[in-house]
Amino acid sequence: EKLLEVSFPLQAEEVVTAAIVGSPDEPGIQVISDFEQDTEEDMAAMRFMNLSDTDTPVSIYVDQKPVVYDLAYGEITTFLPFAPGRHTMTVQDSTTGQTLVTHPALTLKQDNFYTVYGVGRIDGRPGFEVLIPLEGISYLS
């Protein structure tokens with residue numbers, strides 16, 4: 001049985017990420033453009049997207065410093081510069097301040113692009129977690 005069948009146009013040499021969103025009863029697809037942008041020299045670049053289908057926005061902290069406030073479902077930030085190396089990332093429920101997930105060993109490499117996807121449910125199953133893939137644009141020169 002098919003969960004979802006979709007088609008969408010792509011441009012030549014376009015890089016995208018396609019994420020299945022929603023629930024098994026109401027699946028959808030979110031197509032996210034992965035575009036190269038100028039970043040600070042010798043830095044890593046990371047953006048954040050909330051794919052947790054709840055009404056609760058999240059706030060993200062890196063090394064205990066706030067980097068994103070009130071990121072609602074479906075919202076994505078621009079790429080932000082971060083120093084290469086090891087970091088601690090914490091995602092909190094913006095309404096209650098409850099810590100949803102802590103990633104104590106986030107390692108970023110110079111000149112690479114990453115997207116942090118918040119997935120799952122804050123108030124149910126599957127529970128909230130983050131996925132942090134290296135973006136395909138990191139391989140483009």
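How many bridges join strand β9 (residues 113-119) to β10, and in which sense do the two strands run? The legends below answer this and describe further close-up views of the predicted model.

**Figure 1. Pairing of β9 with β10.** Strand β9, residues 113-119, is joined to β10 by three bridges, and the two strands run antiparallel. One residue pair illustrates the register: Val119 has Glu129 of β10 as its bridge partner.

**Figure 2. The open sheet that contains β9 and β10.** Four strands make up this open sheet, arranged in the order β6-β3-β9-β10, and their pairing is mixed. The edges are occupied by β6 (80-82) and β10 (129-131); each has a single partner strand, so one side of each is left without a neighbour in the sheet. From one strand to the next, the twist averages 35°.

**Figure 3. The hairpin of β7 and β8.** Strand β7 pairs with strand β8 (residues 99-108) over seven bridges in the antiparallel sense. Within this pairing, His87 has Leu106 of β8 as its bridge partner. The two strands form a hairpin, with five residues between them. In the turn, Gly97 adopts a positive phi of about 80°.

**Figure 4. Pairing of β4 with β7.** Strand β7, residues 85-93, is also joined to strand β4, residues 58-62, by five bridges. These two strands run antiparallel. Ile60 has Val91 of β7 as its bridge partner.

**Figure 5. The largest cavity and its lining.** One cavity of 30 Å³ or more is counted in the model, and the largest cavity holds about 60 Å³ of space. Its lining consists of Phe48, Met49, Asn50, Val58, Ile60, Leu71, Val91, Val116, Gly118, Phe128 and Val130. The elements that give two or more residues to this lining are β3 (44-50), β4 and β9. Strand β3 gives the most, with three residues. By class, nine lining residues are nonpolar, two are polar and none is charged. Ile60 and Val91, a bridge pair of β4 and β7, are both among the lining residues.

**Figure 6. Confidence along the protein chain.** The mean pLDDT of the chain is 85, and 90% of its residues reach 70 or more. Confidence is highest in β4, at a mean of 97, and lowest in strand β1 (residues 16-22), at a mean of 71. Where pLDDT is low, the predicted coordinates should not be read in detail.

Methods. Residues numbered from 1 in each chain as written. Predicted model: local features only at pLDDT ≥ 70, side-chain atom pairs only at ≥ 80, totals over all residues. Heavy atoms only, no water. Pairing = 2+ DSSP bridges. Axes fitted to C-alpha atoms, helices over the stretch in contact; angles between N-to-C directions. pLDDT = per-residue confidence, 0-100. 1 Å grid on protein atoms, 1.4 Å probe; cavity = no way out; pocket = protein on both sides within 12 Å on 5 of 7 lines; lining within 4 Å. Points joined across faces, edges and corners; volume = space filled by probe spheres on them. Nonpolar A, V, L, I, M, F, W, Y, C, P; charged D, E, K, R; others polar.
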